[in-house]
Amino acid sequence: MEDEFSAFVAERAHALLRTAYALTGDRHAAEDLVQSALAKAFARWRRIEEPEPYLRRMIYHDFVSAWRSPRRRAEVSVPVLPDRAGGRPVDSDTELRLLLRDALRQLPPRQRAVVILRYFEDLTVDETAEVLACRPGTVASQASRALTKLRQLVPQLDWSNDLVGGRP
């Protein structure tokens with residue numbers, strides 16, 4: 001059992017970490033999410049039939065649940081909001097990726113999870129609903145709200161190839 005678990009971690013931990021990082025936007029928080037999920041999964045390893053989907057579901061649920069707890073929120077009040085790039089052209093793909101990453105961080109956790117599952121993990125609406133234990137209509141409405149907010153936050157992104165037209 002330990003050898004099988006160790007082999008899985010060696011082979012797939014990087015993919016789980018990439019997903020967790022996309023959710024959190026912070027390497028340390030992503031590592032914590034993955035480590036917590038792996039620790040929970042180890043205790044049940046023999047009963048888990050498909051480990052990667054099981055662990056991804058744990059990561060998404062732990063991420064959303066963590067934001068429900070007020071003690072986990074690290075908010076810092078500042079007297080003046082920093083200037084934001086509004087409508088100016090983006091000079092590079094890197095700058096665009098950074099703007100999009102910052103915009104994703106501003107989404108509520110459930111919307112962020114839906115965007116990551118639908119467009120980063122390329123899951124269907126039904127698959128996303130199954131992972132998040134909600135109805136497909138909830139996924140569609142959360143995705144719509146998230147994309148509207150992202151369009152406002154990153155107007156420099158070319159939205160002509162609209163993400164909504166992806167997999168059903």
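A salt bridge is taken here as a side-chain nitrogen of Lys or Arg within 4 Å of a carboxyl oxygen of Asp or Glu. The exercises below apply this rule and others to a predicted model.

**Exercise 1. Determine how Glu31 and Arg27 are related in space and in sequence.**

Step 1. The side chains of Glu31 and Arg27 approach to 3.1 Å, N to O, and the cut-off for a salt bridge is 4 Å, so the pair qualifies.

Step 2. Both residues belong to helix α2, where they stand four residues apart, and therefore about one helical turn separates them.

Step 3. Glu31 has a relative accessible area of 29%, which lies between the limits of 20% and 50%, so that Glu31 is classed as partly exposed.

**Exercise 2. Examine the salt bridge of Arg56 and Glu121, and place it among the other salt bridges of the protein.**

Step 1. The side chains of Arg56 and Glu121 meet at 3.0 Å, N to O.

Step 2. This pair links distant parts of the chain, given that Arg56 lies in helix α3 and Glu121 in the loop between α5 and α6, 65 residues apart.

Step 3. Arg56 has a relative accessible area of 13%, and because buried means under 20%, Arg56 is buried.

Step 4. A further salt bridge joins Asp102 to Arg105, with 3.8 Å between the closest N and O atoms; these two residues are three apart in helix α4, about one turn of the helix. Asp102 is partly exposed at 25% relative accessible area, and Arg105 is likewise partly exposed at 37%.

Step 5. Salt bridges with shared partners connect Arg12, Glu52, Arg56 and Glu121 into one network, and the count for the structure comes to seven salt bridges.

**Exercise 3. Classify the ring pairs that Trp45 forms with Phe5 and with Phe8.**

Step 1. A search of the whole structure gives three aromatic pairs. In one of them, the rings of Phe5 and Trp45 have their centres 4.9 Å apart and an angle of 85° between the planes, an edge-to-face arrangement.

Step 2. Phe5 is in helix α1 and Trp45 in the loop between α2 and α3, so that the pair links parts of the chain 40 residues apart; both Phe5 and Trp45 are buried.

Step 3. For Phe8 and Trp45 the centres are 5.4 Å apart and the planes make 50°, so this pair is tilted. Phe8 also lies in helix α1, and its pairing with Trp45 therefore ties together parts 37 residues apart in sequence; Phe8 is buried.

Step 4. Through ring pairs, Phe5, Phe8, Phe42 and Trp45 form a cluster.

**Exercise 4. Describe the largest nonpolar core and the helices that supply it.**

Step 1. The secondary structure consists of seven helices and zero strands, and buried residues make up 38% of the 168 residues.

Step 2. The largest nonpolar core has 42 residues, and those with the most contacts inside it are Leu23, Leu55, Ile59, Tyr60, Leu132 and Leu150. Each of the helices α1, α2, α3, α4, α5, α6 and α7 supplies at least two residues of this core.

Step 3. Apart from its neighbours within four places in sequence, Leu55 is in contact with Phe8, Leu16, Ala37, Leu38 and Ala41.

Step 4. In α4, the buried residues are Glu95, Leu96, Leu99, Ala103 and Leu104, and they pack against α5 and α7.

Technical notes
Residues are numbered from 1 along each chain as its sequence is written. This is a predicted model: local features need pLDDT of at least 70, side-chain atom pairs count only at pLDDT 80 or more; totals for chains, interfaces and linings use all residues. Side-chain values use heavy atoms; hydrogens and water are left out. A nonpolar core is a set of buried Ala, Val, Leu, Ile, Met, Phe, Trp, Tyr and Cys residues joined through side-chain atoms within 4.5 Å. Buried means under 20% relative accessible area, exposed over 50%, partly exposed in between (1.4 Å probe, protein chains only). Contact means heavy atoms within 4.5 Å. Rings of Phe, Tyr and Trp (its six-membered ring) pair if their centres lie within 6.5 Å; planes under 30 degrees apart count as stacked, over 60 as edge-to-face and the rest as tilted.
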